[in-house]
Amino acid sequence: MGNRDQKPLLPVSYVDAVKQSCRELREAQCIEVTDEAIKRLLFSPSFLTTFKRVSSNHGLKFPLKFPSVLSELNLLCVLSLLNFASGYRVPLHQQTGRGAWDNIRALAFGLYLSSATGQDDLLSAKGMKSITPQQVAEFLSVNIHVERPHEELPGVTIGELGGPIYELVNLIRTTLNETGEILEQSGVPDLGSFVLRSLTSKRSGGNASVDDILEELVSAFPAFQDMAVVDDTPVYCFKKALFLIHAVTLRFGSSSPPPFPLPDTTQVPVFTDNVLPSMLIHLGVLDLSEAKDVALRGIFPDATNDAGINALLAVPDEVHMIGPAAEPGMKSKTAPPKAGPTLTLEQAYILRAAAVDACEKIVEYARSLDSASLSDDQEWLNDITLPQLDMWLWAVAKDRPDYRELERFVTRDTIFF
């Protein structure tokens, strides 16, 4: 495995580097994705009956009133910057009743509302640079202290800073501080203004492409440098940067005309986290039975059972219809999730890369289907996009009680997913 502190060189062509490096790593790690497994998923009752509904629930319309387009753009960019914390899902649920994404949304909303009330603008470069762990904890509504027995007084406990939530709070704080400092040094007032400048820059006589914007984000900010070296080979994921670009296009592309130029994101790689690979394993698409890393072969034992996979791909008697994303401050009524297997950062990159390539193969297979062989209510399979597939995998994980119970792997101490 690679050294977790070792970083590859930045690529020349960013989107191509993600797709190629993820495919090469999946193949080198002997993780299989067969046409039979893809066909089983695509024509399953679960996929066919939920895809259109679930893949449209992106949760990027905010219940907030913005004074300007740039203000909303900036919030969306900071939300994308902080779109991690998956490894802290269980302790977050224990404290707040919400998962990682809903907690990050709550934090971003809190930062925005605090700024809108005339206090320091914590979404500006200056505010991000100066935010403290205590402020982050306050907006998350979490306790960053742990109790331990007093060394000399029996029966007495004392509180001290520590624990997984304190670790997460510091990851968020350092990400904001570092990004704010870079923005200030660049003379840019906030992250939204940086992205707007990237969107409106002209290259080769046209608007900025996904590659152009990716290059600017990743080269400028360490928090977007989602890449690693595994077995002496570079792998690039860029999950948060890709998510940001697509989220901006999705949110503002519905305006006619849009307020600023937007790139085509229909073919961007998926935004790979811990949910996508975990779901693809549970649903029988990623086959780890011959994985080069022997420890990965049995992380989800039930995923090797065809009967169990077929049950997940069927439609249960009572389908739980997905509702709107929980609003910040609202606690989930579902039971706290179970912690999944803990993986190293290198193991996580292997599975995340495998998910990127698996999704490429799924969309390629769907688009290659002979339309004459499809029924009228299946013709849409020829048109699915990578971002739609990404959203389906991510959102369907919350769509049914049996899917909610499926474990996801856990990797902590990372700001990339």
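## A walk through a predicted 417-residue chain

At 37% relative accessibility, leucine 10 counts as partly exposed (buried means under 20% relative accessible area, exposed over 50%, and partly exposed in between, with a 1.4 Å probe and protein chains only). This is a predicted model, where local features need pLDDT of at least 70 and side-chain atom pairs count only at pLDDT 80 or more, while totals for chains, interfaces and linings use all residues. Residues are numbered from 1 along each chain as its sequence is written, and side-chain values use heavy atoms, with hydrogens and water left out.

Back to leucine 10: look for it in the segment before helix H1 (14-28). Helices here are DSSP runs of H or I with at least four residues, strands are runs of E with at least two, and both are numbered from the N terminus. Leaving aside residues up to four places away in sequence, leucine 10 touches Val218, Ser219, Met227 and Tyr236, a contact being heavy atoms within 4.5 Å. Proline 257 is another matter: its C-alpha sits 34 Å from that of leucine 10, with the two positions 247 residues apart in sequence.

**The chain as a whole**

Count up the secondary structure and you get 17 helices and six strands. The radius of gyration is 21 Å, close to the 22 Å that the globule rule gives for 417 residues, so the chain is as compact as a globular protein of that length. That radius is taken over C-alpha atoms, and the rule is 2.2 Å times the number of residues to the power 0.38. Along the principal axes, the C-alpha atoms fill a box of roughly 70 × 65 × 45 Å.

Of the 417 residues, 55% count as buried. Among contacts with a separation of 6 or more, 77% are between residues 24 or more positions apart. The accessible surface comes to about 18100 Å², and carbon and sulfur atoms own 50% of that; the areas come from the Shrake-Rupley method with a 1.4 Å probe, and for residues only the protein chains shown count as cover.

**Charges and salt bridges**

On the charge side, there are 37 positive and 53 negative side chains, and the centres of the two sets lie 5 Å apart. Lys and Arg count as positive and Asp and Glu as negative, with His and the chain ends not counted; each charge is placed at NZ of Lys, CZ of Arg, CG of Asp or CD of Glu.

A search of the whole structure turns up 10 salt bridges, each one a side-chain nitrogen of Lys or Arg within 4 Å of a carboxyl oxygen of Asp or Glu. Here are some of them:

| Positive partner | Negative partner | N to O distance |
|---|---|---|
| Arginine 26 | Glutamate 27 | 3.9 Å |
| Arginine 40 | Aspartate 306 | 3.5 Å |
| Arginine 53 | Aspartate 399 | 3.1 Å |

Which parts of the chain does the pair of arginine 40 and aspartate 306 link? Arginine 40 is in helix H2 (residues 35-42) and aspartate 306 in helix H14 (residues 306-313), distant parts that are 266 residues apart. Arginine 40 is partly exposed at 26%, and aspartate 306 is partly exposed at 47%.

Aspartate 399 lies in the loop between helix H16 (386-396) and helix H17 (401-404) and arginine 53 in helix H3 (residues 45-54), so this pair ties together parts that are 346 residues apart in sequence. Aspartate 399 is buried at 0% relative accessibility, whereas arginine 53 is partly exposed at 24%.

Arginine 26 is buried at 6%, while glutamate 27 is partly exposed at 45%. Arg26 and Glu27 also join Asp357 in a network of salt bridges.

**A buried threonine**

Helix H9 (residues 164-185) holds threonine 175, which is buried at 2% relative accessibility. Not counting residues up to four places away in sequence, threonine 175 touches Leu81, Leu82, Phe84, Ala223 and Ile415.

**Backbone oddities**

Most residues other than glycine have a negative phi, and most peptide bonds are trans. The peptide bond from serine 256 to proline 257 is cis, with omega near -5 degrees. Proline 257 sits in the loop between helix H12 (239-252) and helix H13 (275-282).

Aspartate 231 has a positive phi, near 50 degrees. You'll find aspartate 231 in the loop between strand S5 (227-230) and strand S6 (233-236), partly exposed at 27%. Aspartate 413 also has a positive phi, about 60 degrees; it lies in the segment after H17 and is partly exposed at 39%.
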